[in-house]
Amino acid sequence: MVTFQDVKNNKELKTYIENADASLKALGFTEHSYAHVNKVAKDAYDLLIGLGYPERTAELARIAGYMHDIGNVINRIDHAQSGAVMAFRLLDKMGMGADEISIVIAAIGNHDESTAVPVNPVAAALILADKSDVRRSRVRNAANGNRKGVLDSFDIYDRVNYAVEWSTVKLDIDHKAVELQMQLHPEISAVMDYFEIFLSRMVLCKRAAEFLGLRFQLKINDYNLL
Ligand SMILES: [Fe+2]
Ligand SMILES: [Fe+2]
């Protein structure tokens with residue numbers, strides 16, 4: 001059985017993760033490297049464990065989370081689909097069975113909001129974990145320079161990510177809900193800015209939550225917005 005640790009130890013995969021992130025850096029995108037993929041892997045795993053799915057299903061979500069953005073090494077456009085094909089090759093070579101590969105590549109191929117559908121529980125967990133990773137530390141060079149100078153060079157994605165002081169995705173099993181909570185700094189990015197770029201992601205999160213039998217809730221600065 002191919003474990004999450006086997007996947008993490010795979011040198012080729014590491015190379016693809018690093019080069020995918022390097023390409024996104026060149027394009028001016030936020031951080032998509034180990035901090036992002038490890039967080040997504042953990043959150044997707046925790047979500048399915050919390051919902052009572054079998055350990056192996058949750059582990060497949062962890063594997064999908066770790067691998068989900070490698071397609072960016074080819075091109076940002078259609079990176080979900082290209083990444084799924086790359087993951088197929090890697091996992092097949094590692095000896096994973098076709099039944100499990102099918103679940104992982106369906107999830108990876110369905111994580112980008114332009115084409116995503118929560119087609120299985122692993123895909124739904126990956127969508128929720130990926131779309132909720134919004135945080136200041138994903139903005140490149142955010143820690144350097146004075147804040148004013150840094151802010152002037154930001155696009156709207158940087159601005160919204162930079163404004164998020166913290167965010168967390170919480171499963172509320174008693175109320176059958178999953179809640180994305182975040183603290184948004186009002187000076188840097190208005191809540192409206194957040195919605196302008198994240199509306200399609202939130203709609204997708206709602207669908208993913210519903211697939212898992214949950215309501216999706218969004219709480220920004222202690223206000224329940226959804
Ligand atoms: Fe992605
Ligand atoms: Fe991602």
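This briefing walks through the metal site, the main pocket and a handful of individual residues. The model is a predicted one. Two iron ions share a bridging residue, Asp69, and the largest pocket has a volume of about 430 Å³. His32 ties some of this together, since it is among the residues closest to the pocket centre and also touches Asp69.

**Iron site**

- Start with the iron ion (ligand 1): its donors are Asp69 (OD), His79 (NE2) and His111 (NE2), at 2.1 to 2.2 Å.
- Along the chain, those donor residues follow the spacing D-x9-H-x31-H.
- Asp69 and His79 are 10 residues apart and link distant parts of the chain, with Asp69 in the loop between helix 4 and helix 5 and His79 in helix 5 itself.
- Asp69 also does double duty as the bridge between the iron ion (ligand 1) and the iron ion (ligand 2), and these two ions lie 3.6 Å apart.
- Both Asp69 and His79 are buried.

**Largest pocket**

- The largest pocket comes in at about 430 Å³.
- It is lined by 28 residues, and the ones closest to its centre are Phe29, His32, Arg76, Asp112 and Arg201.
- Sorted by class, the lining breaks down into 11 charged, 10 polar and 7 nonpolar residues.
- Four helices each put at least two residues into the lining: helix 5 (79–94), helix 7 (121–131), helix 9 (156–163) and helix 10 (191–211).
- Helix 5 is the top contributor here, with 3 residues.

**His32, by the pocket centre**

- Look for His32 in the loop between helix 2 (11–27) and helix 3.
- Its relative accessible area is 8%, so His32 counts as buried.
- Two polar partners are worth a look: the backbone oxygen of Thr30 lies 2.7 Å from a polar atom of the His32 side chain, and the side chain of Arg138 makes a polar contact with the His32 side chain at 3.5 Å.
- Beyond residues up to four places away in sequence, His32 touches Asp21, Leu24, Val37, Asp69, Asn72, Arg76, Arg138 and Arg140.
- Within that set, Asp69 is the iron bridge, while Arg76 is another of the residues closest to the pocket centre.

**Helix 7, a covered helix**

- Helix 7 is mostly covered, with 10 of its 11 residues buried.
- The buried ones are Val122, Ala123, Ala124, Ala125, Leu126, Ile127, Leu128, Ala129, Asp130 and Lys131.
- The cover over these residues includes helix 3 (34–50), helix 4, helix 6 (98–108), helix 10, strand 2 and strand 3.
- At the N-terminal end, Asn120 acts as a cap for helix 7: one of its side-chain oxygens lies 3.0 Å from the backbone nitrogen of Val122.

**Two buried polar or charged residues: Glu59 and Asn161**

- Glu59 sits in helix 4 (residues 55–67), and a relative accessible area of 12% makes it buried.
- The Glu59 side chain has a polar contact of 3.0 Å with the side chain of Arg56.
- Ignoring neighbours within four places in sequence, Glu59 is in contact with Thr3, Phe4 and Tyr45.
- Lys42 is 17 residues from Glu59 in sequence, with 9.4 Å between their C-alpha atoms.
- Asn161 belongs to helix 9 and is buried, at 4% relative accessibility.
- With neighbours within four places in sequence left aside, the contacts of Asn161 are Thr30, Asp133, Val134, Arg135, Arg136, Arg138 and Val139.
- Thr30 and Arg138 thus turn up again: Asn161 is in contact with both, Thr30 offers its backbone oxygen to the His32 side chain at 2.7 Å, and Arg138 pairs with the same side chain at 3.5 Å.

**Backbone oddities in loops**

- Some background first: most residues other than glycine have a negative phi.
- Lys176 is an exception, with a positive phi of about 50 degrees although it is not a glycine.
- Lys176 lies in the loop between strand 1 (164–172) and strand 2 (177–184), and its 54% relative accessibility puts it in the exposed class.
- Asp222, also not a glycine, has a positive phi of about 70 degrees.
- The loop between strand 3 (215–220) and strand 4 (223–224) holds Asp222, which is exposed at 64% relative accessibility.

How values were computed:
Residues numbered from 1 in each chain as written. Chains lettered and ligands numbered in written order. Predicted model: local features only at pLDDT ≥ 70, side-chain atom pairs only at ≥ 80, totals over all residues. Heavy atoms only, no water. 1 Å grid on protein atoms, 1.4 Å probe; cavity = no way out; pocket = protein on both sides within 12 Å on 5 of 7 lines; lining within 4 Å. Points joined across faces, edges and corners; volume = space filled by probe spheres on them. Nonpolar A, V, L, I, M, F, W, Y, C, P; charged D, E, K, R; others polar. Buried < 20%, exposed > 50% of the residue type's maximum accessible area, 1.4 Å probe, protein only. Contact = heavy atoms within 4.5 Å. Polar contact = N/O pair within 3.5 Å; in protein donor to acceptor, adjacent residues only side chain to side chain. Donors = N, O, S within 2.8 Å, 3.2 Å for Na, K, Ca; no water.
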